[in-house]
Amino acid sequence: MLILPRARLLQHLYRTRLPALTVAPSTAPESRLLLAHLDAAWSLAEQLGPDATHATGEAMAMLLTGLIRTHAPTAIPPQSLRAAATAYADSRLRDPDLAPATIARALNVSVRTLHRAFADGETVMAYVRRRRLEGARRELDCPGTPYTVADVAARWQFADSSHFRRAHRGT
């Protein structure tokens, strides 16, 4: 895993948007070349003068730029983004930290881009709220459920049972 200063890379990426995360297999040619360069630079570090050290750093930045451009995630069309966002949200409906920022970060898009994908219908959080209500209703409708309304409300991330009842009545 490499964690590098964003400002240092931006000067080499020019107008390319720097993704939050780029995953490249270590077997990819770009990864192998970068790692070989790092190994060589490390082994020669004490023998290099200031100019060569600077050039080595610039070469590493350019190799890393090539790796990022090759392996960075591509933009997701709005319909696919919405489908990906709803799938992500559905898999984490009981997560108390589920929010537009969390979903956007997981999908490597901005919060604004995420909201635009939902612009033609319900909002991201309205979708989450509706799906949480559906899950809570299913749980309460199970015959012989040992849980109280308050238990179910808490498990589905409603502040309390009165908040759940108001949301339930509002639908």
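Here are a few notes on the salt bridges, helix α7 and T102 in this predicted model.

1. Let's start with helix α7, residues 124–141. Its 18 residues should span 26 Å at 1.5 Å a residue, and the end C-alpha atoms are indeed 26 Å apart, so the two agree. Among the buried residues of α7 are V124, Y127, V128, R131 and E139.

2. The structure holds seven salt bridges. In one of them, the side chains of R82 and D120 meet at 2.9 Å, N to O. R82 sits in helix α4 (residues 78–90) and D120 in the loop between α6 and α7, 38 residues apart. R82 is partly exposed at 22% relative accessibility, whereas D120 is exposed at 69%.

3. Helix α7 also has a link to α4: R131 pairs with D90, with the closest N and O atoms 3.0 Å apart. Because R131 lies in α7 and D90 in α4, this salt bridge ties together parts 41 residues apart in sequence. D90 is partly exposed, at 30%.

4. Next comes R94, which forms a salt bridge with E139 at 2.8 Å between the closest N and O atoms. R94 belongs to the loop between α4 and α5 and E139 to α7, so the pair joins parts 45 residues apart in sequence. E139 is buried at 11% relative accessible area. Salt bridges with shared partners also join D90, E122, R130, R131 and E134 into one network.

5. Finally, have a look at T102 in helix α5 (residues 100–107). T102 is buried, with a relative accessible area of 17%. Its side chain reaches the backbone oxygen of D97 at 2.8 Å. Leaving aside residues up to four places away in sequence, T102 touches Y88 and D97.

Key. Residues numbered from 1 in each chain as written. Predicted model: local features only at pLDDT ≥ 70, side-chain atom pairs only at ≥ 80, totals over all residues. Heavy atoms only, no water. Helix = DSSP H or I, 4+ residues; strand = E, 2+ residues; numbered from the N terminus. Buried < 20%, exposed > 50% of the residue type's maximum accessible area, 1.4 Å probe, protein only. Contact = heavy atoms within 4.5 Å. Polar contact = N/O pair within 3.5 Å; in protein donor to acceptor, adjacent residues only side chain to side chain. Expected span 1.5 Å × (residues − 1). Salt bridge = Lys/Arg side-chain N within 4 Å of Asp/Glu carboxyl O.
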